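The following exercises concern the fold, the surface and the cysteines of one protein chain. Each task is followed by a worked solution.

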Amino acid sequence: MADSTQTAAVAPRPGKRQRLVAAAVQLLHQQGVQRTTLADIAQAAEVPPGNVYYYFKTKDEVVTAAIDAHLQQIRGALADIDARFDSPRSRLKALVDLFTADSETVTQYGCPIGTLCSELDKRPAHEAFPVADLLHLPIAWAETQFRVLGRADAHDLALQLMAAYEGSALLSNTLRDPTILTTAARRLTHWLTTL
């Protein structure tokens, strides 16, 4: 009989659809929408290529699923911040920390949200993708925090916060310098402290 203290519980492997979406999120960020094929996604997800079509009929459906996965991740991260921090100022600072948590990846590939929005906006049928929601969601959340701080210019401040992050992420990626992002984060944190 095996000793129960020696056997560790193994989490079940995610289903094929979940693996395909996770692979799509990663590859769309690393390679871009244009260069990523359904075969690439199937290979990264360890799913036979023919099985992709059981879950997604087109590449656009996979892209939409990846956007939905990003939205779920953003909602979860913001809910976590809301649960862990009591004041709107500390929540906003936690958002800045979240922005820069993976500065090396952002330096290498760009902001996963910003690059996806930018790339899909260049496509003729970009209206079919809810990419604007990827930015509306954190902006609306930040606006709420600024309003609770009593700021009449809450919307403008939320836009300024997002623009500062996206701009520094773009510069960090283009110049391959993670310190641009981390320095911007320190400045944003100081700005939030003094508001």
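**Exercise 1.** Determine what share of the contacts between residues at least 6 apart in sequence joins residues at least 24 apart.

*Solution.* The model is a predicted one. Begin with the contacts in the protein chain whose partners are at least 6 apart in sequence; 67% of them join residues at least 24 apart. Next, consider the elements that the chain contains: 10 helices and zero strands. Read from the N terminus on, the order is accordingly α-α-α-α-α-α-α-α-α-α. Finally, the extent of the C-alpha trace along its principal axes is about 60 × 55 × 30 Å.

**Exercise 2.** Describe the burial, the accessible surface and the charges of the protein chain.

*Solution.* First, burial: 38% of the 195 residues count as buried. Second, the accessible surface amounts to about 11,000 Å², and carbon and sulfur atoms account for 56% of this area. Third, the chain carries 19 positive and 21 negative charges, and the mean positions of the two sets lie 1 Å apart.

**Exercise 3.** Why is cysteine 117 not bonded to cysteine 111?

*Solution.* Start with the whole structure, in which a search finds zero disulfides. Cysteine 111 is thus in no disulfide, and the nearest cysteine sulfur to its own belongs to cysteine 117. The separation of these two sulfurs is 7.9 Å, which is too far for a bond; a disulfide requires sulfur atoms within 2.5 Å. As to burial, the limit is under 20% relative accessible area. Cysteine 111, at 5%, is therefore buried, and cysteine 117, at 10%, is buried as well.

Terms used. Residues numbered from 1 in each chain as written. Predicted model: local features only at pLDDT ≥ 70, side-chain atom pairs only at ≥ 80, totals over all residues. Heavy atoms only, no water. Helix = DSSP H or I, 4+ residues; strand = E, 2+ residues; numbered from the N terminus. Buried < 20%, exposed > 50% of the residue type's maximum accessible area, 1.4 Å probe, protein only. Contact = heavy atoms within 4.5 Å. Areas by Shrake-Rupley, 256 points an atom, 1.4 Å probe, with all protein chains shown as cover. Lys, Arg positive; Asp, Glu negative; His and termini not counted. Charge placed at Lys NZ, Arg CZ, Asp CG, Glu CD.
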